[in-house]
Amino acid sequence: MAEFVRVATTDEVPPGAAKVVEVAGERIALFNLGGTVYAIHDTCTHEEASLAEGDLYGEVVACPKHGSRFHVPSGRVLSLPAVKSVAVYPVKVEGADIYVSPEGQVAKAKPHRR
Ligand code: FES
């Protein structure tokens, strides 16, 4: 079982904000949704784009490049052109410190509606 790694402080990711951190060589995007911090892989599964730079709509982030939407708490892809979900990583907050486990899980994508 991989260790949690301290990646940021809560001050650095206030509610509604995102921040990219690196854990075990992977770019991971932290999102603070209403006080709860989530971690997903930062790179869109369509092409190279940073999801941390996308716009947030509730629990959904839209890729800044072509607009694929991802559900932040699960990493699940919700709309084309991306068809694969991004990995989601366990997060824990202790005091003012945010920790992420490098053991990401990828949710199965539901078929897109046509
Ligand atoms: S790079 Fe994200 S939708 Fe194309």
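What percentage of the 114 residues in the chain is buried? Buried residues make up 40% of them. The legends below describe a predicted model.

**View 1. The whole chain is built from strands, with zero helices.** The chain has 11 strands. From the N terminus on, each element is a β element, in the order β-β-β-β-β-β-β-β-β-β-β. The radius of gyration is 13 Å, close to the 13 Å that the globule rule gives for 114 residues, so the chain is as compact as a globular protein of that length. Along its principal axes, the C-alpha trace spans about 45 × 30 × 20 Å.

**View 2. Surface, charges and contacts of the chain.** The accessible surface comes to about 6300 Å². Carbon and sulfur atoms account for 48% of that surface. The chain carries 12 positive and 14 negative charges, and their mean positions are 12 Å apart. Among contacts between residues at least 6 apart in sequence, 39% join residues at least 24 apart.

**View 3. Close-up of Glu-26 in strand S3.** Strand S3 covers residues 26-33. Glu-26 has a relative accessible area of 36%. This value lies between the 20% and 50% cut-offs, so Glu-26 counts as partly exposed.

**View 4. Neighbours of Glu-26.** Not counting residues up to four places away in sequence, Glu-26 touches Val-21, His-41 and Tyr-89. With His-41 there is also a polar contact, side chain to side chain, at 2.8 Å.

**View 5. Glu-26 and Pro-102.** These residues are 76 apart along the chain. Their C-alpha atoms are separated by 8.3 Å.

Definitions and conventions. Residues are numbered from 1 along each chain as its sequence is written. This is a predicted model: local features need pLDDT of at least 70, side-chain atom pairs count only at pLDDT 80 or more; totals for chains, interfaces and linings use all residues. Side-chain values use heavy atoms; hydrogens and water are left out. Helices (H or I, at least four residues) and strands (E, at least two) are DSSP runs, numbered from the N terminus. The radius of gyration is taken over C-alpha atoms; the globule rule is 2.2 Å times the number of residues to the power 0.38. Buried means under 20% relative accessible area, exposed over 50%, partly exposed in between (1.4 Å probe, protein chains only). Contact means heavy atoms within 4.5 Å. Accessible areas come from the Shrake-Rupley method with a 1.4 Å probe; for residues, only the protein chains shown count as cover. Lys and Arg count as positive and Asp and Glu as negative; His and the chain ends are not counted. The place of a charge is taken as NZ of Lys, CZ of Arg, CG of Asp or CD of Glu. A polar contact is a pair of N or O atoms within 3.5 Å; within protein, one must be able to donate a hydrogen and the other to accept it, and residues adjacent in sequence count only if both atoms are side-chain atoms.
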